[in-house]
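Q: Please walk me through the labels used here, one by one. Set each value against its cut-off.

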Amino acid sequence: MLPTPYVKCDYEKVYEPAEDSFLLLDSLEKDQLYLSERFNNTLSVVCELGPGSGIITTFMMQNTMPTNNSIYFALDINPWALEATTDTAIRNSCEKSYLETIQSNLTSSIRNNEIDILVFNPPYVPAETIPDIPMDKNDIDTWLDLALVGGEDGMKITQLVLDQLDSILSINGVAYILFCARNKPENIVKLMKNQWSIELVEHRKAGWEVLSVYRFSRKSL
Ligand SMILES: C[S@@+](CC[C@H](N)C(=O)[O-])C[C@H]1O[C@@H](n2cnc3c(N)ncnc32)[C@H](O)[C@@H]1O
């Protein structure tokens with residue numbers, strides 16, 4: 001069992017790691033061999049969307065996922081998450097890994113078809129609306145709301161990413177995306193399965209919620 005990174009952040013500003021974060025760690029651990037074989041020793045671009053505290057990106061760096069020839073991008077809309085991710089990496093002695101933290105609305109800051117591994121624990125809680133992105137770094141309540149609420153069916157943000165997946169991922173790229181049951185992931189699988197190979201990697205009951213992590217890759221490979 002791979003160790004969980006030590007995380008100490010101000011949870012009034014960034015999302016506190018929870019069952020969803022840990023399910024993603026377990027999914028990546030389960031797929032460690034799959035990923036190292038898939039990417040062999042090629043230079044791999046790993047991108048976490050919404051790193052929050054940085055626990056997942058740090059876990060990947062600590063365990064040199066997919067290989068020791070990887071570079072890591074952590075993109076978050078919340079500026080506090082970028083500081084937290086850098087701190088978590090340092091606390092866990094990952095200074096030698098190449099890590100770039102970027103304030104970014106989804107993957108808009110990255111060129112098309114460059115990402116080999118995309119990891120996303122999105123804001124997935126169903127809500128009527130999603131707050132506007134604050135202009136003020138100190139509007140911490142809104143940053144925290146943005147970490148949680150996902151609009152109708154909790155799918156508004158995730159759907160934006162799924163719609164762009166073809167232009168986000170490299171030819172050999174894979175994406176790990178977390179869903180809750182209210183996101184109706186089985187409908188996504190039905191709609192996307194002609195073009196994408198979609199595997200359920202892990203699922204778990206967390207309180208009254210059922211969480212699942214799916215792996216997406218292109219069918220043609
Ligand atoms: C559920 S939290 C996950 C945090 C962390 N990855 C974890 O698993 O503990 C969702 C993260 O997505 C970020 N986020 C929300 N909307 C975003 C957007 N439009 N672009 C980039 N990041 C976004 C939030 O700021 C938050 O850090």
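Q: What makes the side chain of Asn-121 a polar contact of the ligand?
A: An N or O atom of that side chain is 2.8 Å from an oxygen atom of the ligand. A polar contact is a pair of N or O atoms within 3.5 Å, so this pair counts. The model is predicted: local features need pLDDT of at least 70, side-chain atom pairs 80 or more, while totals for chains, interfaces and linings use all residues. Residues are numbered from 1 along each chain as its sequence is written, and side-chain values use heavy atoms, without hydrogens or water.

Q: Which ligand atoms do Asp-76 and Leu-106 approach?
A: A polar side-chain atom of Asp-76 lies 2.6 Å from an oxygen atom of the ligand. For Leu-106, a backbone N or O atom lies 2.8 Å from a ligand nitrogen. The protein covers 98% of the 600 Å² of accessible area that the ligand has on its own (Shrake-Rupley, 1.4 Å probe).

Q: Which residues come nearest to the ligand?
A: There are 19 residues around the ligand (a heavy atom within 4 Å). Ser-21, Gly-50, Asp-76, Asn-105 and Asn-121 come nearest.

Q: What is the make-up of the shell by class?
A: The shell has 10 nonpolar, seven polar and two charged residues. Asp counts as charged, so Asp-76 belongs to that class. Asn-121 falls in the polar class.

Q: Why is the pair of Phe-179 and Tyr-214 called edge-to-face?
A: The structure holds two aromatic pairs. In this one, the rings are 5.7 Å apart centre to centre, with 80° between the planes. Rings pair if their centres lie within 6.5 Å, and planes over 60 degrees apart count as edge-to-face, so both tests are met.

Q: How do you know that this pair links distant parts of the chain?
A: Phe-179 is in strand E5 (residues 169-180) and Tyr-214 in strand E7 (residues 209-218). They are 35 residues apart.

Q: What makes the peptide bond from Met-65 to Pro-66 cis?
A: Its omega is near 0°. Pro-66 is in the loop between helix H3 (55-62) and strand E2 (70-76).

Q: What is the phi of Ser-93, and where is this residue?
A: Phi is near 60°, a positive value in a residue other than glycine. Ser-93 is in the loop between helix H4 (79-91) and strand E3 (98-103).

Technical notes: A polar contact is a pair of N or O atoms within 3.5 Å; within protein, one must be able to donate a hydrogen and the other to accept it, and residues adjacent in sequence count only if both atoms are side-chain atoms. Rings of Phe, Tyr and Trp (its six-membered ring) pair if their centres lie within 6.5 Å; planes under 30 degrees apart count as stacked, over 60 as edge-to-face and the rest as tilted. Helices (H or I, at least four residues) and strands (E, at least two) are DSSP runs, numbered from the N terminus.
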